[in-house]
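Reader: I am new to this structure and would like a close look at one part of it, the ligand and its surroundings. Please begin with the backbone and work inwards from there.

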Amino acid sequence: MEERDMMHIQDSFSAEQASLFLVATPIGNLNDFTVRAVETLQDVAVIFAEDTRQSKVLLDHYAIQTPMISIHQHNEAERIDTVIKRLNQGESVALISDAGTPLISDPGARLVEAVIASNYPVITIPGPSAALTALPASGLPAEPYLFYGFLPAKAAGRKKVLQTLKTLPYTLVLYEAPHRINATIADLSASFGPRRCVIARELTKRFESYLRFTLEPTLTLPALKGEMVVLVEGAHETPLSSDDAVEHVELLMADGYTEMEAIKKAAKARKLKKNDVYMAFQHTKKERNQRK
Ligand code: SAM
(Lines give C-alpha, C1' and ligand atoms only; values in the text may rest on other atoms or scores of the structure.)
Protein backbone atom coordinates (compact mmCIF):
# COMPACT_ATOMS: atom_id res chain seq x y z
CA MET A 1 0.00 0.00 0.00
CA GLU A 2 1.53 3.36 -0.96
CA GLU A 3 0.66 7.00 -0.77
CA ARG A 4 1.39 8.81 -4.06
CA ASP A 5 0.51 12.50 -4.27
CA MET A 6 -2.09 12.16 -1.53
CA MET A 7 -3.65 9.28 -3.43
CA HIS A 8 -4.21 6.05 -1.59
CA ILE A 9 -3.31 3.16 -3.89
CA GLN A 10 -4.16 -0.46 -3.13
CA ASP A 11 -2.39 -2.96 -5.39
CA SER A 12 -4.32 -5.94 -4.06
CA PHE A 13 -1.97 -8.71 -5.17
CA SER A 14 1.41 -7.05 -5.69
CA ALA A 15 2.87 -8.20 -2.37
CA GLU A 16 1.83 -11.01 -0.10
CA GLN A 17 0.35 -8.63 2.41
CA ALA A 18 -2.00 -9.50 5.22
CA SER A 19 -5.46 -8.54 3.94
CA LEU A 20 -9.13 -8.40 4.84
CA PHE A 21 -11.15 -10.59 2.46
CA LEU A 22 -14.89 -9.89 2.08
CA VAL A 23 -16.18 -13.29 1.05
CA ALA A 24 -19.64 -13.68 -0.51
CA THR A 25 -21.57 -16.76 0.59
CA PRO A 26 -24.66 -18.52 -0.87
CA ILE A 27 -28.12 -16.92 -0.45
CA GLY A 28 -29.91 -20.27 -0.27
CA ASN A 29 -28.29 -22.86 -2.50
CA LEU A 30 -25.10 -24.19 -0.91
CA ASN A 31 -23.69 -25.00 -4.36
CA ASP A 32 -23.41 -21.28 -5.13
CA PHE A 33 -20.07 -21.03 -3.39
CA THR A 34 -17.04 -20.28 -5.54
CA VAL A 35 -13.82 -22.31 -5.48
CA ARG A 36 -11.98 -19.11 -4.65
CA ALA A 37 -14.29 -18.40 -1.71
CA VAL A 38 -13.61 -21.87 -0.27
CA GLU A 39 -9.84 -21.53 -0.78
CA THR A 40 -9.80 -18.07 0.79
CA LEU A 41 -11.72 -19.20 3.87
CA GLN A 42 -9.35 -22.17 4.22
CA ASP A 43 -6.27 -19.95 3.89
CA VAL A 44 -7.08 -17.09 6.27
CA ALA A 45 -6.12 -17.24 9.96
CA VAL A 46 -9.62 -16.42 11.18
CA ILE A 47 -13.11 -15.83 9.83
CA PHE A 48 -15.24 -13.04 11.31
CA ALA A 49 -18.88 -14.02 10.94
CA GLU A 50 -22.16 -12.27 11.69
CA ASP A 51 -23.69 -15.41 13.23
CA THR A 52 -21.13 -18.17 13.81
CA ARG A 53 -23.81 -20.87 14.36
CA GLN A 54 -25.43 -20.15 11.00
CA SER A 55 -22.12 -19.95 9.14
CA LYS A 56 -20.97 -23.25 10.69
CA VAL A 57 -23.46 -25.11 8.45
CA LEU A 58 -21.74 -23.70 5.36
CA LEU A 59 -18.21 -24.21 6.67
CA ASP A 60 -18.97 -27.81 7.69
CA HIS A 61 -20.46 -28.52 4.26
CA TYR A 62 -17.17 -27.44 2.66
CA ALA A 63 -14.97 -28.94 5.41
CA ILE A 64 -13.51 -25.54 6.24
CA GLN A 65 -11.92 -25.73 9.69
CA THR A 66 -10.70 -22.15 10.09
CA PRO A 67 -11.69 -20.71 13.49
CA MET A 68 -14.59 -18.26 13.53
CA ILE A 69 -15.15 -15.16 15.68
CA SER A 70 -18.49 -13.37 15.86
CA ILE A 71 -18.82 -9.76 14.72
CA HIS A 72 -22.09 -7.87 15.04
CA GLN A 73 -23.33 -4.38 15.85
CA HIS A 74 -22.90 -4.88 19.62
CA ASN A 75 -19.22 -5.88 19.56
CA GLU A 76 -18.06 -4.23 16.33
CA ALA A 77 -15.68 -1.66 17.88
CA GLU A 78 -13.91 -4.34 19.93
CA ARG A 79 -13.71 -6.70 16.94
CA ILE A 80 -12.24 -3.98 14.72
CA ASP A 81 -9.32 -3.80 17.19
CA THR A 82 -8.94 -7.58 17.00
CA VAL A 83 -8.88 -7.52 13.18
CA ILE A 84 -6.25 -4.78 13.09
CA LYS A 85 -4.12 -6.69 15.64
CA ARG A 86 -4.28 -9.86 13.52
CA LEU A 87 -3.35 -7.90 10.39
CA ASN A 88 -0.44 -6.28 12.30
CA GLN A 89 0.75 -9.81 13.09
CA GLY A 90 0.81 -10.58 9.36
CA GLU A 91 -2.37 -12.70 9.42
CA SER A 92 -5.08 -12.36 6.78
CA VAL A 93 -8.68 -12.47 7.93
CA ALA A 94 -12.06 -12.88 6.23
CA LEU A 95 -15.47 -11.36 6.84
CA ILE A 96 -18.64 -13.24 5.95
CA SER A 97 -22.26 -12.36 6.59
CA ASP A 98 -25.18 -14.75 7.15
CA ALA A 99 -25.84 -14.86 3.41
CA GLY A 100 -24.72 -13.06 0.27
CA THR A 101 -22.16 -10.31 -0.03
CA PRO A 102 -20.88 -8.61 3.15
CA LEU A 103 -21.81 -4.91 3.50
CA ILE A 104 -24.74 -5.25 1.08
CA SER A 105 -27.48 -4.48 3.64
CA ASP A 106 -25.19 -6.26 6.07
CA PRO A 107 -22.58 -5.17 8.62
CA GLY A 108 -18.93 -4.45 7.90
CA ALA A 109 -18.76 -0.83 6.69
CA ARG A 110 -16.91 0.44 9.78
CA LEU A 111 -14.51 -2.50 9.68
CA VAL A 112 -13.66 -1.85 6.02
CA GLU A 113 -13.12 1.83 6.77
CA ALA A 114 -10.79 0.99 9.67
CA VAL A 115 -8.77 -1.55 7.69
CA ILE A 116 -8.31 0.89 4.77
CA ALA A 117 -7.28 3.61 7.24
CA SER A 118 -4.68 1.19 8.65
CA ASN A 119 -3.26 0.68 5.15
CA TYR A 120 -4.14 -2.96 4.65
CA PRO A 121 -5.76 -4.23 1.45
CA VAL A 122 -9.49 -4.98 1.45
CA ILE A 123 -10.35 -7.56 -1.19
CA THR A 124 -13.81 -8.78 -2.24
CA ILE A 125 -14.21 -12.43 -3.20
CA PRO A 126 -17.27 -12.04 -5.41
CA GLY A 127 -20.30 -14.29 -5.30
CA PRO A 128 -24.04 -14.20 -4.68
CA SER A 129 -26.08 -11.17 -3.75
CA ALA A 130 -29.89 -11.22 -3.77
CA ALA A 131 -30.13 -7.86 -5.58
CA LEU A 132 -28.01 -8.90 -8.56
CA THR A 133 -29.60 -12.35 -8.65
CA ALA A 134 -33.08 -10.83 -8.97
CA LEU A 135 -32.33 -7.98 -11.38
CA PRO A 136 -31.38 -9.86 -14.58
CA ALA A 137 -34.38 -12.22 -14.46
CA SER A 138 -36.88 -9.55 -13.34
CA GLY A 139 -37.72 -8.47 -16.88
CA LEU A 140 -37.17 -4.81 -15.91
CA PRO A 141 -34.30 -2.80 -17.43
CA ALA A 142 -31.10 -4.08 -15.81
CA GLU A 143 -29.44 -0.70 -16.22
CA PRO A 144 -29.38 1.87 -14.96
CA TYR A 145 -30.53 0.55 -11.62
CA LEU A 146 -30.53 1.91 -8.09
CA PHE A 147 -29.97 -0.43 -5.18
CA TYR A 148 -31.60 1.07 -2.11
CA GLY A 149 -31.71 -1.95 0.20
CA PHE A 150 -34.25 -1.76 3.04
CA LEU A 151 -36.65 1.18 3.14
CA PRO A 152 -37.28 2.67 6.60
CA ALA A 153 -39.47 0.38 8.71
CA LYS A 154 -41.85 3.16 9.80
CA ALA A 155 -44.50 4.37 7.33
CA ALA A 156 -43.65 8.09 7.63
CA GLY A 157 -39.94 7.52 6.93
CA ARG A 158 -40.72 5.13 4.09
CA LYS A 159 -43.04 7.63 2.37
CA LYS A 160 -40.45 10.39 2.70
CA VAL A 161 -37.77 8.25 1.04
CA LEU A 162 -40.16 7.18 -1.73
CA GLN A 163 -40.79 10.85 -2.53
CA THR A 164 -37.06 11.28 -3.21
CA LEU A 165 -36.92 8.13 -5.34
CA LYS A 166 -40.06 8.54 -7.41
CA THR A 167 -38.65 10.75 -10.15
CA LEU A 168 -35.47 8.74 -10.73
CA PRO A 169 -35.41 6.96 -14.10
CA TYR A 170 -33.65 3.88 -12.69
CA THR A 171 -34.94 0.41 -11.90
CA LEU A 172 -35.27 0.46 -8.14
CA VAL A 173 -34.05 -2.58 -6.19
CA LEU A 174 -35.27 -2.99 -2.60
CA TYR A 175 -34.99 -5.60 0.11
CA GLU A 176 -38.07 -6.25 2.19
CA ALA A 177 -39.24 -8.47 5.01
CA PRO A 178 -42.43 -10.54 4.54
CA HIS A 179 -44.31 -8.82 7.39
CA ARG A 180 -43.88 -5.41 5.70
CA ILE A 181 -44.36 -6.38 2.05
CA ASN A 182 -48.05 -5.40 1.84
CA ALA A 183 -47.47 -1.98 3.41
CA THR A 184 -44.46 -1.34 1.17
CA ILE A 185 -46.29 -2.31 -2.02
CA ALA A 186 -49.24 -0.07 -1.02
CA ASP A 187 -46.84 2.85 -0.39
CA LEU A 188 -45.03 2.22 -3.68
CA SER A 189 -48.33 2.27 -5.52
CA ALA A 190 -49.47 5.48 -3.80
CA SER A 191 -46.15 7.28 -4.37
CA PHE A 192 -45.17 5.99 -7.83
CA GLY A 193 -48.51 5.36 -9.55
CA PRO A 194 -48.85 2.57 -12.08
CA ARG A 195 -45.44 1.04 -12.75
CA ARG A 196 -44.22 -2.47 -13.39
CA CYS A 197 -43.13 -4.21 -10.22
CA VAL A 198 -41.53 -7.58 -9.53
CA ILE A 199 -41.22 -9.50 -6.27
CA ALA A 200 -38.40 -12.07 -6.50
CA ARG A 201 -38.78 -14.55 -3.68
CA GLU A 202 -36.67 -17.32 -2.17
CA LEU A 203 -33.98 -16.91 -4.81
CA THR A 204 -31.82 -19.97 -5.55
CA LYS A 205 -34.03 -22.05 -3.21
CA ARG A 206 -36.54 -24.78 -4.04
CA PHE A 207 -39.56 -22.44 -3.98
CA GLU A 208 -37.97 -19.55 -5.90
CA SER A 209 -40.67 -17.47 -7.59
CA TYR A 210 -41.11 -14.18 -9.46
CA LEU A 211 -44.35 -12.22 -9.11
CA ARG A 212 -44.67 -9.69 -11.96
CA PHE A 213 -47.48 -7.11 -11.89
CA THR A 214 -48.37 -3.43 -12.27
CA LEU A 215 -48.69 -1.32 -9.13
CA GLU A 216 -52.26 -0.21 -8.56
CA PRO A 217 -54.20 0.91 -5.49
CA THR A 218 -56.66 -2.01 -5.52
CA LEU A 219 -53.95 -4.66 -5.82
CA THR A 220 -54.17 -7.58 -3.40
CA LEU A 221 -51.06 -9.69 -3.11
CA PRO A 222 -51.22 -13.38 -2.33
CA ALA A 223 -49.76 -14.23 1.11
CA LEU A 224 -45.99 -14.06 0.66
CA LYS A 225 -43.47 -15.75 2.90
CA GLY A 226 -39.71 -16.07 2.81
CA GLU A 227 -37.00 -13.72 1.66
CA MET A 228 -37.78 -11.24 -1.06
CA VAL A 229 -36.38 -8.57 -3.35
CA VAL A 230 -38.73 -5.91 -4.72
CA LEU A 231 -37.92 -4.29 -8.06
CA VAL A 232 -39.81 -1.33 -9.52
CA GLU A 233 -39.58 0.17 -12.98
CA GLY A 234 -37.88 3.59 -13.03
CA ALA A 235 -39.75 6.85 -13.68
CA HIS A 236 -40.71 7.48 -17.28
CA GLU A 237 -39.16 10.48 -19.02
CA THR A 238 -42.53 12.19 -18.74
CA PRO A 239 -43.46 11.31 -15.16
CA LEU A 240 -46.66 9.31 -15.38
CA SER A 241 -47.74 9.80 -11.83
CA SER A 242 -47.56 13.58 -12.21
CA ASP A 243 -50.90 15.16 -12.89
CA ASP A 244 -49.99 16.42 -16.33
CA ALA A 245 -50.71 13.17 -18.24
CA VAL A 246 -54.00 12.99 -16.38
CA GLU A 247 -54.64 16.69 -16.94
CA HIS A 248 -54.10 16.14 -20.66
CA VAL A 249 -56.81 13.44 -20.64
CA GLU A 250 -59.19 15.74 -18.77
CA LEU A 251 -58.62 18.59 -21.22
CA LEU A 252 -59.38 16.28 -24.14
CA MET A 253 -62.53 15.03 -22.40
CA ALA A 254 -63.59 18.64 -21.88
CA ASP A 255 -63.18 19.00 -25.64
CA GLY A 256 -65.73 16.24 -26.14
CA TYR A 257 -63.58 13.11 -26.42
CA THR A 258 -64.73 9.99 -24.54
CA GLU A 259 -62.52 8.79 -21.70
CA MET A 260 -60.95 6.02 -23.80
CA GLU A 261 -60.41 8.26 -26.82
CA ALA A 262 -58.79 10.91 -24.60
CA ILE A 263 -56.50 8.36 -22.93
CA LYS A 264 -55.45 6.96 -26.31
CA LYS A 265 -54.76 10.43 -27.74
CA ALA A 266 -52.86 11.66 -24.65
CA ALA A 267 -50.75 8.48 -24.56
CA LYS A 268 -49.87 8.81 -28.24
CA ALA A 269 -48.95 12.48 -27.92
CA ARG A 270 -46.70 11.76 -24.92
CA LYS A 271 -45.23 8.54 -26.29
CA LEU A 272 -46.56 6.66 -23.27
CA LYS A 273 -48.23 3.28 -23.00
CA LYS A 274 -52.03 3.57 -23.24
CA ASN A 275 -52.41 1.24 -20.27
CA ASP A 276 -50.08 3.37 -18.12
CA VAL A 277 -52.08 6.54 -18.83
CA TYR A 278 -55.29 4.60 -18.19
CA MET A 279 -53.96 3.41 -14.82
CA ALA A 280 -52.74 6.91 -13.85
CA PHE A 281 -56.12 8.35 -14.75
CA GLN A 282 -58.01 5.71 -12.74
CA HIS A 283 -55.64 6.23 -9.82
CA THR A 284 -56.29 9.99 -9.77
CA LYS A 285 -60.05 9.47 -10.10
CA LYS A 286 -60.04 7.03 -7.19
CA GLU A 287 -57.97 9.38 -5.03
CA ARG A 288 -60.36 12.24 -5.71
CA ASN A 289 -63.37 10.07 -4.85
CA GLN A 290 -61.74 9.05 -1.60
CA ARG A 291 -61.15 12.68 -0.67
CA LYS A 292 -64.87 13.52 -1.22
N1 SAM B 1 -25.95 -9.43 2.03
C2 SAM B 1 -27.14 -9.98 1.41
C3 SAM B 1 -27.00 -9.88 -0.10
O4 SAM B 1 -25.88 -9.69 -0.59
O5 SAM B 1 -27.99 -10.02 -0.81
C6 SAM B 1 -28.39 -9.30 1.92
C7 SAM B 1 -28.59 -9.42 3.40
S8 SAM B 1 -30.02 -8.63 4.00
C9 SAM B 1 -29.76 -8.71 5.71
C10 SAM B 1 -31.26 -9.86 3.83
C11 SAM B 1 -32.29 -9.49 2.76
O12 SAM B 1 -31.76 -9.81 1.49
C13 SAM B 1 -33.58 -10.28 2.88
O14 SAM B 1 -34.48 -9.67 3.78
C15 SAM B 1 -34.10 -10.22 1.46
O16 SAM B 1 -34.71 -8.97 1.20
C17 SAM B 1 -32.79 -10.32 0.66
N18 SAM B 1 -32.49 -11.74 0.37
C19 SAM B 1 -31.50 -12.48 0.89
N20 SAM B 1 -31.53 -13.73 0.40
C21 SAM B 1 -32.57 -13.79 -0.46
C22 SAM B 1 -33.14 -14.80 -1.27
N23 SAM B 1 -32.63 -16.03 -1.29
N24 SAM B 1 -34.21 -14.49 -2.04
C25 SAM B 1 -34.74 -13.25 -2.02
N26 SAM B 1 -34.25 -12.25 -1.27
C27 SAM B 1 -33.19 -12.50 -0.49
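Author: Proline 144 is found in the loop that runs between α5 (130-138) and β8 (145-150). In this predicted model, the peptide bond joining glutamate 143 to proline 144 is cis, with omega at about -10°. A second backbone detail concerns leucine 103, whose phi is positive, near 75°, although the residue is not a glycine. Leucine 103 belongs to the loop between β6 (93-96) and α4 (109-117).

The next residue in the chain, isoleucine 104, brings us to the ligand: one of its polar backbone atoms is 2.8 Å from a nitrogen atom of the ligand. Alanine 130 also makes a backbone contact, with an N or O atom 2.8 Å from an oxygen atom of the ligand. Alanine 130 is the residue at which α5 (130-138) starts. Leucine 203 adds another contact, its backbone N or O atom lying 2.9 Å from a nitrogen atom of the ligand. On its own the ligand would expose 570 Å², and the protein buries 90% of that area.

The shell around the ligand holds 19 residues, of which Asp106, Ser129, Ala130, Tyr175 and Met228 are the closest. Sorted by class, this shell has 10 nonpolar, 4 polar and 5 charged residues. Two strands, β9 (171-176) and β12 (228-232), each give at least two residues to the shell.

What does the ligand sit in? Its place is the largest pocket, whose volume is about 470 Å³. The pocket is lined by 26 residues, and those closest to its centre are Ala99, Ala130, Phe150, Tyr175 and Glu227. Ala130 and Tyr175 thus appear here and also among the residues closest to the ligand. Phe150 is the residue at which β8 (145-150) ends, the strand that follows the loop holding proline 144. As with the shell, β9 and β12 each contribute at least two residues to the pocket lining, and β10 (196-201) does so too. By class, the lining divides into 12 nonpolar, 6 polar and 8 charged residues.

The model also contains enclosed space: there are 3 cavities of 30 Å³ or more. The second largest cavity has about 50 Å³ of space. Its lining consists of Glu50, Ile71, Glu76, Leu95, Ile96, Ser97, Pro107 and Gly108. Of these residues, 4 are nonpolar, 2 polar and 2 charged. Leu95 and Ile96 are part of β6 (93-96), while Pro107 and Gly108 come from the loop between β6 and α4 (109-117). That is the loop already met through leucine 103.

Methods:
Residues are numbered from 1 along each chain as its sequence is written. This is a predicted model: local features need pLDDT of at least 70, side-chain atom pairs count only at pLDDT 80 or more; totals for chains, interfaces and linings use all residues. Side-chain values use heavy atoms; hydrogens and water are left out. On a 1 Å grid over the protein atoms alone, a cavity is a set of points where a 1.4 Å probe fits but cannot get out, and a pocket is an open set with protein on both sides within 12 Å along at least five of seven lines; lining residues have an atom within 4 Å of a point. Grid points are joined across faces, edges and corners, and a volume is the space filled by probe spheres set on the points. Ala, Val, Leu, Ile, Met, Phe, Trp, Tyr, Cys and Pro count as nonpolar, Asp, Glu, Lys and Arg as charged, and the others, Gly among them, as polar. A residue is near a molecule or strand if one of its heavy atoms lies within 4 Å of it. A polar contact is a pair of N or O atoms within 3.5 Å; within protein, one must be able to donate a hydrogen and the other to accept it, and residues adjacent in sequence count only if both atoms are side-chain atoms. Accessible areas come from the Shrake-Rupley method with a 1.4 Å probe; for residues, only the protein chains shown count as cover. A molecule sits in a cavity or pocket if more than half of its atoms lie within 2 Å of its grid points. Helices (H or I, at least four residues) and strands (E, at least two) are DSSP runs, numbered from the N terminus.
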